[in-house]
Amino acid sequence: MNDIVTPSPSALMSAAARAAHAIVDSPPHLILDEIAERLCATAGEPSPLGFHRSHPGEAVLAAARLSAAARSAYAERLLHASGIGQYVVLGAGLDTSAWRVSRSCKIWHVDLPGVLAWRSSLSNQAGIQERGVSVPVDLSSGDPVPELVRAGLRPDVPTFVSWLGVSMYLDAEAVRRTFASLSALAAGSELVFDHIVPASDRDDAGHDYARAVAAAVGARGEPWHCTPAVGQVAEWLDTAGWSPLESIGESDSVAAGFWDRTDWLRPMELVRFTHARLRS
């Protein structure tokens, strides 16, 4: 693996948001992420987790916590229900789901070489033993499946793929190409994917969060590029051989009663989750 360490601002923000959710928000919680808390503690100052602790009521930070926690909870729930024993995290960043899945599940983390080196460095500093195999691939131009097979993944056995918090940083062609390349996996493989909806489909809270992310992350080299409509995503998946099973708004993915709360978390129309299965 390339040993050049390349920090990802968006990955660090997501890890901090997941860790902060159970620390500053009231129950019920969507996820408990102590590993992310430990990784954030090694990432230097100022700590992004510290911002959540100091300003828990800030609307943008609350929205970030909801997004990060909701998408992880949704994907992990479907992974558990699938019973699939091969798990691939595309655009892994500082994803920590490996520590919350069955010990029998085989795991691969796919990301840019420098980002994987950064992930490994933070884990070592935090005294965390990594679970899973690192697979360096640039999804903007590369095909992850051959690299995964070389890293031990069995292409004749169904695989569960989690691709979260990534598509918006790629162009539409790279997203479509990745759907197509993943069709080389075994029939019955499943995919959980999230995407930002077009500006016309966002509510006021979604617009506010989008502007804040553009200022905080886009200015640091990770702008949003791909914001497809729900119908576009379904068409891209179908063309690549995937059958969409569900497309659900982030705010609707939580359990009944979750919004009966008095803290800072509020519904937001900005992100949708899609669950798909690979056809024979």
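Here is a chat between a student and an author about the predicted model shown above.

Reader: Before we dig in, what kind of model is this, and how are residues numbered?
Author: It's a predicted model, where local features need pLDDT of at least 70, side-chain atom pairs count only at pLDDT 80 or more, and totals for chains, interfaces and linings use all residues. Side-chain values use heavy atoms, leaving out hydrogens and water, and residues are numbered along each chain as its sequence is written, from 1.

Reader: Okay, how far apart are the end C-alpha atoms of helix α5, and what should the helix span?
Author: Helices here are DSSP runs of H or I with at least four residues, strands are runs of E with at least two, and both are numbered from the N terminus. The expected span is 1.5 Å times one less than the number of residues. Helix α5 covers residues 113-126, which makes 14 residues, so it should span 20 Å, and its end C-alpha atoms agree at 20 Å.

Reader: Which elements cover the buried residues of α5?
Author: Let's pin down "buried" before anything else: it means under 20% relative accessible area, while exposed is over 50% and partly exposed is in between (1.4 Å probe, protein chains only). In α5, the buried residues include Trp118, Arg119 and Leu122. Their cover includes α1 (9-24), α2 (34-41), β2 (106-111) and β3 (133-136).

Reader: What residue follows α5, and what is its phi?
Author: Right after α5 comes a glycine, Gly127. Its phi is positive, near 70°.

Reader: Which residue does Arg119 pair with in a salt bridge?
Author: A salt bridge needs a side-chain nitrogen of Lys or Arg within 4 Å of a carboxyl oxygen of Asp or Glu. For Arg119, the closest N and O atoms of the pair are 2.9 Å apart. Arg119 sits in helix α5 and its partner in the loop between α5 and β3, so the pair ties together parts 11 residues apart in sequence. Arg119 is buried at 2%, and the partner, partly exposed at 23%, is Glu130.

Reader: Where does Arg65 lie, and where is Asp25?
Author: These two form a salt bridge, with closest N and O atoms 2.9 Å apart. Arg65 is buried at 0% relative accessible area, and Asp25 also counts as buried, at 5%. The bridge ties together parts that are 40 residues apart in sequence, so look in two places: Arg65 is in helix α4, and Asp25 is in the loop between α1 and α2.

Reader: Are Glu37 and Arg53 buried, exposed or partly exposed?
Author: Their side chains meet in a salt bridge at 3.1 Å, N to O. The pair links helix α2 with helix α3 (residues 48-54), 16 residues apart. Glu37 has a relative accessible area of 28% and Arg53 has 44%, so both are partly exposed.

Reader: How many salt bridges does the whole structure have?
Author: Some of them share partners, joining Arg18, Asp33, Glu76 and Arg100 into one network. A search of the whole structure gives 14.

Reader: What is the nearest side chain of opposite charge to Glu250?
Author: Glu250 is in the loop between β6 (242-249) and β7 (271-278). For charges, Lys and Arg count as positive and Asp and Glu as negative, with His and the chain ends not counted. Glu250 is buried yet has no salt bridge; 6.5 Å away is the nearest side chain of opposite charge, Arg71.

Reader: Which element gives the most to the largest nonpolar core?
Author: A nonpolar core is a set of buried Ala, Val, Leu, Ile, Met, Phe, Trp, Tyr and Cys residues joined through side-chain atoms within 4.5 Å. The largest one has 35 residues, and Tyr87, Phe160, Val192, Tyr209 and Leu270 touch the most other members. Elements giving two or more residues include β1 (86-90), β5 (190-196) and α8 (204-216). The top contributor, with 10 residues, is α4.

Reader: Is His80 buried or exposed?
Author: His80 has its place in helix α4, residues 59-82. Its relative accessibility is 71%, so His80 counts as exposed.

Reader: Last one: how many disulfides are there?
Author: A disulfide here is a pair of cysteine sulfur atoms within 2.5 Å. Cys40 is buried at 1% relative accessible area, and Cys226 is buried at 4%. The number of disulfides in the structure is 0.

Technical notes: Contact means heavy atoms within 4.5 Å.
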